Amino acid sequence: MIVEAHDLKKTFTTRSRKGPQTVEAVRGVDLEIAKGEIFGVLGPNGAGKTTTIRMLATLITPDAGTAMIAGHDLLKEPAAVRSRLGYVSQAGGVEDTTTARAQVMMAAKIHAVADPKQATAEVLERFDLTEIADRPGRTLSGGQKRRVAIAIGLVHNPPLLFLDEPTTGLDPQNRANLWDRIEQLRESGTSVLLSTHYLDEADALCDRLVIVDHGRVVAEGTPAALKREVSGDVITLRVDDPERAAETLGPLARETRLDDDLLRVYVDDGEHTLPALLRALEEQGVKLSSIALDRSTLDDVFLAKTGRSLRDTGAAA
Ligand SMILES: Nc1ncnc2c1ncn2[C@@H]1O[C@H](COP(=O)(O)OP(=O)(O)OP(=O)(O)O)[C@@H](O)[C@H]1O
């Protein structure tokens, strides 16, 4: 394991007009990241993803808990931990006035890289940034800035990279480009801890992930295992009498869930359950206005674990 974190906790206290207010941002998180894997932390806004990553990156001190990172104790050997990881914040951390090259070079010097000039040139080339390397940060596109931020995080060649919501705000093309680059990191042996509120990103990129909500891990596993655990397929129906439909279909399903006027029916094999399900509804005189069959998604996992949809929490999917 390159990261083994146990029972991490962090509470923030802020002053407001009503007096001090406390927010339990992280309430006991366990994480185990194997060498060479892309590990995801998926959750809605405010779930505690950034706080968790910042604790593991030595940027804030946990109130409780322990972690070993690349063989070093987070609390006792923070400098050793810091030298073994790259951290790319949500905002990106690219300055407006300095050139991309100067910013990467500065990071190389801070990390006491043996040949900073050479290491800078190499990492810029690796991220297709050589051509724009001598332009100031403010002239770069969103996608280029994100790549510069990753180059800054990787210039000292750490075995572990933390990416906090790396694709938020990027257009689909730049997002796809960054996904490819993150996958290349895995191929080169770098372990990646990635936070995201995008379901498709977690599903496409992560070897394993945790789903966090309100500062706690609510599910953990490979995307496929998590989806299997919830159920194979989901049949989503809009009907005139959802309660009666749910009662009728209960015996045919692993589980039924009513979400406003949408009825979700979780079954092992949707294709073969569908005819029986339609017959049952017809026999009961329930009128159907729409029906859809989907393979289950990580949102179904989130819904099953928390009782709400990740799409409804304000996080785009
Ligand atoms: N420095 C701080 N002071 C006070 N409260 C904080 C601080 N940092 C985070 N919080 C609160 O802790 C909770 C968790 O925040 P965090 O940024 O870790 O969530 P997140 O999952 O990364 O969310 P997002 O997807 O919006 O970045 C939120 O309620 C947030 O307002």
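Biologist: Which residue in the turn of the β9 and β10 hairpin has a positive phi?

Modeller: This is a predicted model, so take each value as computed. Strands β9 and β10 (residues 216-221) run antiparallel and share 5 bridges, with D213 standing opposite R216 in β10. The hairpin leaves 2 residues between the strands, and the one in the turn with a positive phi, about 50°, is H214.

Biologist: And which residue of β9 is the bridge partner of F39?

Modeller: Besides β10, look at strand β3 (residues 38-42), which pairs with β9 in the parallel sense over 4 bridges. Strand β9 itself, residues 208-213, is mostly covered, with 5 of its 6 residues buried. In β9, the partner bridged to F39 is R208.

Biologist: Moving on to helix α5, how far apart are its end C-alpha atoms?

Modeller: Let's start from what to expect. Helix α5 covers residues 142-154, and at 1.5 Å a residue its 13 residues should span 18 Å. The model agrees with that, since the end C-alpha atoms are apart by 19 Å.

Biologist: Why is α5 said to be largely enclosed by the rest of the structure?

Modeller: Go along the helix and you meet buried residues including Q144, R147, I150 and L154. Those buried residues pack against β6 (85-88), α3 (100-110), α4 (116-126), β7 (160-164) and α6 (172-187). The helix is largely enclosed because the buried count is 11 of the 13 residues.

Biologist: What about the ligand: which helix gives the most to the shell around it?

Modeller: The shell has 14 residues, and the closest are F12, A25, N45, T50 and T51. Elements that each supply at least two residues are β1 (3-16), β2 (19-33) and α1 (49-56). The top contributor, with 3 residues, is α1.

Biologist: How many residues of that shell are polar?

Modeller: Sort the shell by class. There are 4 nonpolar residues and 1 charged residue, and the polar ones number 9.

Biologist: Back to α1, how many of its residues are buried?

Modeller: Check them in turn: K49, T50, T51, T52, I53, R54, M55 and L56 are buried. After the helix comes T58, with a positive phi near 70°. For α1 itself, the buried count out of 8 residues is 8.

Biologist: There's also an open sheet of 4 strands; what order do they take?

Modeller: As background, strands of a sheet pair through backbone hydrogen bonds, either parallel or antiparallel. In this open sheet the pairing is antiparallel, and the order is β12-β13-β11-β14.

Biologist: Which are the edge strands there?

Modeller: An edge strand here pairs on one side only. From one strand to the next, the twist averages 20°. The two edge strands are β12 (255-259) and β14 (288-295).

Biologist: Which helix packs on that sheet?

Modeller: First, the strands: β11 (residues 233-239) pairs with β14 in the antiparallel sense over 7 bridges, and T236 has A292 as its bridge partner in β14. The helix touches β11, β13 (262-267) and β14, and its direction makes about 25° with that of β11. Covering residues 270-283, the helix is α10.

Biologist: Last one, for the whole chain: what share of the residues counts as buried?

Modeller: The chain has 11 helices and 14 strands, and its C-alpha atoms fill a box of roughly 75 × 45 × 40 Å along the principal axes. Among contacts between residues at least 6 apart in sequence, 70% join residues at least 24 apart. Of the 317 residues, the buried share is 41%.

How values were computed:
Residues are numbered from 1 along each chain as its sequence is written. This is a predicted model: local features need pLDDT of at least 70, side-chain atom pairs count only at pLDDT 80 or more; totals for chains, interfaces and linings use all residues. The expected span of a helix is 1.5 Å times one less than its number of residues. A residue is buried if 20 or more other C-beta atoms lie within 10 Å of its own, exposed if 12 or fewer, and partly exposed in between; C-beta atoms are placed from the backbone. Two residues are in contact if their C-beta atoms, placed from the backbone, lie within 7 Å. Two strands pair if DSSP finds at least two bridges between them. A residue is near a molecule or strand if its C-beta atom, placed from the backbone, lies within 6 Å of it. Ala, Val, Leu, Ile, Met, Phe, Trp, Tyr, Cys and Pro count as nonpolar, Asp, Glu, Lys and Arg as charged, and the others, Gly among them, as polar. Axes are lines fitted to C-alpha atoms, for helices over the stretch in contact, and angles run from 0 to 180 degrees between N-to-C directions.
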